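Got a few minutes to walk through a structure? Here's a quick briefing on its pockets, its aromatic rings and a couple of individual residues.

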Amino acid sequence: IYPDADQSSDNVSWLLSVGYDWNDDIMTYAKVSTGFQAGGLNVRAPTPENFVEGYDDETLTAFEVGIKSEWGGRVIVNAALFFSDYEDKQVNVFDPESLGNVRQNADAEIWGGEVEILAQMTEHWQLGFGYGYLDTEFTKFDDRQGNDVRDTKGFTYAPENTANGHLAYEYPMNIGLFRARADWSYRDDMQFLAPTPEPNSSEAFHLFNARVSLSEIKGPGDTTMRVSLWGKNLTDEGYWTSGVWISPVFAFNLWGEPRTYGADFEILF
């Protein structure tokens, strides 16, 4: 149906990093790296001309500084700040003519940071927390007619805030090692396709999971056994993981896993 078309790409990516150990417990680092994703052809292009035109290679230059540290042998703190500069970033955009997703190129910048804290509060109790922040922006985004559409496009799968935490307990017993853990995670609202506003964007949500296990149980011969009880999405939160935009008035989404629970019996050898 469409004429013959081809594309070829080549790229050499590099990474440069430097780190400094202030002492046995604190290390800082800085890193600059590049990345590449080959261009291609839109098999759902609305016209033969758009198909032959295709989309260009995507290149990335990324900068990162961070710290990895341990305090008093009980607390680990890791943190990082980063900046990513995209040229010709490949963005999925719904095309009303072909009723399908096509890729277009746009320039973009991402600022962000993340922190991770892990604390061994007592011999048996452990607490963990993590947080991430993203600030995304298209610096250039033109449609096929050359119009600037930056104000009507947003980043996909890039929630501004994410967080997670866990509380864990561990206690050795005569028959095995008892472990219990509760996990929490949070994700801000985010969109699945570039146009804004998008009818099937995901709202913010929290998830709670838990697991209780007894491991290192003596089994036959040299084997050990582990028995676990677990539950995921304990509050039965309804949330979306992805979506497809068919038209301005018709879209559908895929739901995340509902509340699930179960038991595991494992033999390790």
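What follows is a short tour by topic. Keep in mind that this is a predicted model. The largest pocket holds about 380 Å³ of space, and the second largest about 280 Å³. On the aromatic side, a search of the whole structure turns up 11 ring pairs.

**The largest pocket**

- A set of 20 residues lines the largest pocket, and Glu-53, Gly-54, Gln-104, Asn-105 and Asp-142 sit nearest its centre.
- Helix or strand, who contributes? Both α1 (48-53) and β5 (100-120) put at least two residues each into the lining of the largest pocket.
- β5 has the largest share of that lining, with six residues.
- By class, the lining of the largest pocket splits into nine charged, six nonpolar and five polar residues.

**The second largest pocket**

- Here 15 residues do the lining, and those closest to the centre of the second largest pocket are Lys-89, Gln-90, Asn-92, Thr-156 and Tyr-157.
- β5 turns up again: β4 (75-95) and β5 each give at least two residues to the lining of the second largest pocket.
- This time the largest share comes from β4, with four residues.
- The lining of the second largest pocket counts eight nonpolar, five polar and two charged residues.

**Aromatic pairs**

- One of the 11 aromatic pairs joins Tyr-20 and Trp-22, with ring centres 4.8 Å apart and planes at 75 degrees, an edge-to-face arrangement.
- Within that pair, Tyr-20 is partly exposed at 47% relative accessible area, while Trp-22 is exposed at 56%.
- Phe-83 and Trp-111 have ring centres 4.3 Å apart and planes at 40 degrees, so that pair counts as tilted.
- Phe-83 belongs to strand β4 and Trp-111 to strand β5, so their pairing ties together parts that are 28 residues apart in sequence.
- Phe-83 has a relative accessible area of 15%, so it falls under the 20% cut-off and is buried.
- Trp-111, its partner, is partly exposed at 48%.
- Trp-125, Tyr-169, Tyr-171 and Phe-178 are linked by ring pairs into a cluster.

**Charges over rings**

- Lys-89, one of the residues closest to the centre of the second largest pocket, lies over the face of Tyr-86 at 4.3 Å from the ring centre.
- Lys-232 places its charged end over the ring of Trp-230, 5.5 Å from the ring's centre.

**Two residues up close**

- Leu-81 is in strand β4, the strand that also carries Phe-83.
- Is Leu-81 buried or exposed? At 56% relative accessibility, Leu-81 is over the 50% cut-off, so it counts as exposed.
- Beyond its neighbours within four places in sequence, Leu-81 is in contact with Phe-63, Glu-64, Val-65, Gly-112 and Gly-113.
- Thr-139 is 58 residues from Leu-81 along the chain, and the C-alpha atoms of the two are separated by 20 Å.
- Asn-253 has its place in strand β12 (residues 250-255).
- With a relative accessible area of 16%, Asn-253 is buried.
- What does Asn-253 contact, leaving aside neighbours within four places in sequence? Phe-192, Asn-200, Trp-240, Ser-242, Gly-243 and Val-244 are its contacts.

Terms used
Residues are numbered from 1 along each chain as its sequence is written. This is a predicted model: local features need pLDDT of at least 70, side-chain atom pairs count only at pLDDT 80 or more; totals for chains, interfaces and linings use all residues. Side-chain values use heavy atoms; hydrogens and water are left out. On a 1 Å grid over the protein atoms alone, a cavity is a set of points where a 1.4 Å probe fits but cannot get out, and a pocket is an open set with protein on both sides within 12 Å along at least five of seven lines; lining residues have an atom within 4 Å of a point. Grid points are joined across faces, edges and corners, and a volume is the space filled by probe spheres set on the points. Ala, Val, Leu, Ile, Met, Phe, Trp, Tyr, Cys and Pro count as nonpolar, Asp, Glu, Lys and Arg as charged, and the others, Gly among them, as polar. Buried means under 20% relative accessible area, exposed over 50%, partly exposed in between (1.4 Å probe, protein chains only). Contact means heavy atoms within 4.5 Å. Rings of Phe, Tyr and Trp (its six-membered ring) pair if their centres lie within 6.5 Å; planes under 30 degrees apart count as stacked, over 60 as edge-to-face and the rest as tilted. A charge sits over a ring if NZ of Lys or CZ of Arg is within 6 Å of the ring centre and within 35 degrees of the ring normal.
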